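Here are some exercises to work through with the model open beside you. Try each task before you read its solution.

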Number of protein chains: 2
Amino acid sequence: MSRLVMKFGGTSVADLERIRRVARLVNAEVEAGHKVAVVVSAMAGKTNELVAWTDGAGAAAEGIEPSDDEYDVVVASGEQVTAGLLSMTLRNMGVRAKSWLGWQIPIIADDAHGKARIDGIPPEKLGAAMDGGEVAVIAGFQGVTRDGRIATLGRGGSDTSAVAVAAALKAERCDIYTDVDGVYTTDPRIESKARKLEKISYEEMLEMASLGAKVLQTRSVELAMAYHVPVRVLSSFVEPGEAPGQGTIVCDEEEIVEKRIVSGVAYSRDEAKISLFGLPDHPGVSSEIFGALADANVNVDMIVQSHARSADTANMEFTVGKRDAARAMEIVDKVKAKIGFEGATCDEDVAKVSVIGVGMRSHAGVAQSMFKALADKGVNIQVISTSEIKISVLIDAAYTELAVRALHAAYGLDKL
Amino acid sequence: MSRLVMKFGGTSVADLERIRRVARLVNAEVEAGHKVAVVVSAMAGKTNELVAWTDGAGAAAEGIEPSDDEYDVVVASGEQVTAGLLSMTLRNMGVRAKSWLGWQIPIIADDAHGKARIDGIPPEKLGAAMDGGEVAVIAGFQGVTRDGRIATLGRGGSDTSAVAVAAALKAERCDIYTDVDGVYTTDPRIESKARKLEKISYEEMLEMASLGAKVLQTRSVELAMAYHVPVRVLSSFVEPGEAPGQGTIVCDEEEIVEKRIVSGVAYSRDEAKISLFGLPDHPGVSSEIFGALADANVNVDMIVQSHARSADTANMEFTVGKRDAARAMEIVDKVKAKIGFEGATCDEDVAKVSVIGVGMRSHAGVAQSMFKALADKGVNIQVISTSEIKISVLIDAAYTELAVRALHAAYGLDKL
């Protein structure tokens, strides 16, 4: 009998009726002969309520010693409640079950409270309980530090909990149940011809996740890749008696026989473009700017630099998260006073559109066909950045849907 | 520096503003030089919400293996939240603080989930943290079993947590903050001349609590008595800058210099009187009836038996809790079929009024003056029961207030 980890997010356990639906899905896997561990999030809305209380209690107060370990004590209670309720519900269906909190397994975490990383999960106790025929219902999102304090893994951390548990248990697979039935070639709300992918590689999924396709938390995919844990994304919203679909398997590239050049088109409207012009053209200028931004914890994504017509000054463009834009401009202003340049503008009316595919590694001309497809629709490209398996362009936000559809068609994704 | 335990109930921590008020009270004790441990309940209403979910998840379902340990996992989360929030609030006021959950101290409990008893509290870790200048903020109502499961102590269990922690820490005192400012000679809503008692003995407090004066949980008083922990009852509802009053000290009888014959008048409308008549007058009849009630977990309080006029039958009256009355009548009916008697009636329109005082031990005539005071007002006594320090009478419920006021005056309680 193989071990299986199932994970259910907040919307899947939002109320008792949905928890019963989850229990039926778990029971079906038990009856299919699996030894099951279930990782659960807090009921939808609960984490927000708890976080709001911690804000009120002064977690966000300034000039005060951080209280992050207490933040974790409060917020981790949400998953605790779900774990207890699901275990009860399973028992009442006649399924042997027991809840496990982070400290009971233990899921050992570092002490970066609120955004802790998992250091290790000794599988012995958990595995023995499962081998004894008991479903392990695990509170996601939480661990315990080596000195016995509760630590949470940060938003979306339950995905990471699930993959880490699957890795520790050497599980056959980690099934992430969510409110979509798989990973699509692009956002179906924009392109009705979007197709569900049967398989996608970890690398592609990582690019998708970090580019705005919010199906899986990035860290959970990194972890799955590191430990070769096959992850399946599928929907928990099935009626009694109905089986969930096959979803999408996220796995090693080698297990995908038919490799596509491009697997998906992603987009993000969460970025802002900052343009600096008239920069002094000597070494150390970039380092000055991006050092100041890094010191302020502002993440910079795309960067391009070009020489202006006059040979001794340069222009530069880069993107930051929209919520960091105002702060980034303040920092840029300070740097301006120091190194001196002509001016800076911020444009929030931009979108990043990306094509992703492991097949790019061995195929030339992918970028060229992207640029042509966009040019054919009259979409102007402002900034370009590339990685081994991804090409991203920054465009005027108004053209987002048009660009996504054009690229989806150009790479034949509607004909999978 | 002496150790002090402070305990705050659900209404005292019902929202963030009240939690800040609690933090100020804690801070005042820290500044007065105490090493403080604070025990907190769940925010008012939270436990009910959590319990309702467990009911929905099947905790109350019939014919199913009990899920009580999971009930505890869910319900204990309420106190966890308050402990984290109060610790944060204290830190933000500049007070060093840390939250402690049952498993972190640990508060070792037996595995009677939902109504567990505390087996022991190793004071070393907690004491060391307090000696190091840290306020210990303890989640009440919860412990951990020897095999690492969360166990809750039952409703009102936070009082018990507080007293047990005070005993383990050999604290100077356990201050129970609540929504009243002390223990009164009787209910001030009935008798405006009711006086706050400066001191009351454990024995008297136990009788008060079990008779309907719901200031302290009975088990916490038993525990305080066993370990000689002085308990102070006082109000948390004081404005910033205002000190809470002295409240009422619950302590050993020996520490009360001026002993009163009667310390208080209590009443309860929670009982129903069941009358059986025409009982066969032979040995074993009472045992048959009360055995059947005990088997069904129906607690019986007052009992009187009398012979009917015809020499070979007897009548019997006893009281049970109102919520058990219907079930008790069903059981009585079954016993009737077995042993045969004329009939049974149930009267829910009764009240139990009691006078309590350790001074009764050494004074004769206390009962007589009680009966006279009631007779003077035309109050008919239906059933009488006595203990060493208490006399209770069952009367028509309509006379409750009249009887309470008459007894309060008869024993001079308005002139303390």
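## Warm-up: an exposed lysine

Lys214(A) has a relative accessibility of 69%, so it counts as exposed. Keep in mind that this is a predicted model.

**Exercise 1.** Find Lys214(A) and Arg189(A) in the chain, and work out whether the ten "binding site" positions they belong to sit together.

*Step 1.* Start with Lys214(A), which is in the loop between α7 (202–210) and α8 (218–227) of chain A.

*Step 2.* Now go to Arg189(A), in the loop between β9 and β10 of chain A. Its relative accessibility is 75%, and anything over 50% is called exposed, so Arg189(A) counts as exposed.

*Step 3.* Bring in the record. An unreviewed UniProt entry gives the feature "binding site" at Lys7(A), Phe8(A), Gly9(A), Gly10(A), Thr178(A), Asp179(A), Tyr184(A), Arg189(A), Lys214(A) and Val215(A).

*Step 4.* Check the spread. These positions span 209 residues in sequence and the farthest two C-alpha atoms are 25.0 Å apart, so they do not all gather at one spot.

**Exercise 2.** Do the same for Thr47(A) and Glu79(A): are they buried or exposed, and what does Glu79(A) touch?

*Step 1.* The unreviewed UniProt entry also puts the feature "binding site" at Thr47(A) and Glu79(A). They span 33 residues in sequence, but no two of their C-alpha atoms are more than 8.6 Å apart, so this time the positions do gather at one spot.

*Step 2.* Place them on helices. Thr47(A) belongs to helix α2 (residues 46–59) of chain A, while Glu79(A) belongs to helix α4 (residues 77–92) of chain A.

*Step 3.* Compare with the cut-off: buried means under 20%. Thr47(A), at 12% relative accessible area, is buried, and Glu79(A), at 3%, is buried too.

*Step 4.* Look around Glu79(A). Leaving out residues up to four places away in sequence, its contacts include Thr47(A), Val40(A), Ser41(A), Phe141(A) and Ser158(A). Ala42(A) is also touched, and its backbone nitrogen lies 3.1 Å from a polar atom of the Glu79(A) side chain.

**Exercise 3.** Trace the sheet of chain A from edge to edge and say what packs on it.

*Step 1.* Write down the order. The open sheet has 8 strands, β3-β6-β2-β1-β9-β11-β12-β10 (chain A), with mixed pairing.

*Step 2.* Spot the edges: β3 (97–100) and β10 (199–201) of chain A, each of which pairs on one side only. From one strand to the next, the twist averages 20°.

*Step 3.* Add a helix. α6 (residues 157–168) of chain A packs on this sheet, touching β1 (3–8), β2 (35–40), β6, β9 and β11 of chain A. The direction of α6 makes about 175° with that of β1(A).

*Step 4.* Zoom in on the β3 edge. β3(A) runs parallel to β6 (residues 135–139) of chain A, with 4 bridges joining them. Ser99(A), for one, has Val137(A) as its bridge partner in β6(A).

**Exercise 4.** Explain why β11 of chain A is described as largely enclosed.

*Step 1.* Find its neighbours. β9 (residues 173–178) of chain A pairs with β11(A) in the parallel sense over 5 bridges; here Cys174(A) is partnered by Val231(A). On β12 (residues 248–251) of chain A, the pairing with β11(A) is antiparallel, over 3 bridges, and Arg232(A) is partnered by Ile249(A).

*Step 2.* Sort the side chains. In a regular strand they alternate between the two faces of the sheet. Val231(A), Val233(A) and Ser235(A) point one way from β11(A), and Arg232(A) and Leu234(A) point the other way.

*Step 3.* Conclude. 5 of the 5 residues of β11 (residues 231–235) of chain A are buried, so the rest of the structure largely encloses this strand.

**Exercise 5.** Work out how chains A and B are related.

*Step 1.* Superpose them. A turn of 180° with a shift of 0.0 Å along the axis lays chain B on chain A with an RMSD of 0.1 Å. The two copies are thus related as by a two-fold rotation axis.

*Step 2.* Locate the axis: in chain B, the nearest C-alpha is that of Ser77(B), 2.6 Å away from it.

*Step 3.* Compare the surfaces. 100% of the interface residues of chain B are also interface residues in chain A, so the copies meet through the same surface.

How values were computed: Residues numbered from 1 in each chain as written. Chains lettered and ligands numbered in written order. Predicted model: local features only at pLDDT ≥ 70, side-chain atom pairs only at ≥ 80, totals over all residues. Heavy atoms only, no water. Buried < 20%, exposed > 50% of the residue type's maximum accessible area, 1.4 Å probe, protein only. Helix = DSSP H or I, 4+ residues; strand = E, 2+ residues; numbered from the N terminus. Pairing = 2+ DSSP bridges. Axes fitted to C-alpha atoms, helices over the stretch in contact; angles between N-to-C directions. Contact = heavy atoms within 4.5 Å. UniProt positions renumbered as here; feature names shortened; annotations may be inferred. Polar contact = N/O pair within 3.5 Å; in protein donor to acceptor, adjacent residues only side chain to side chain. Least-squares fit on C-alpha atoms with pLDDT ≥ 70 in both.
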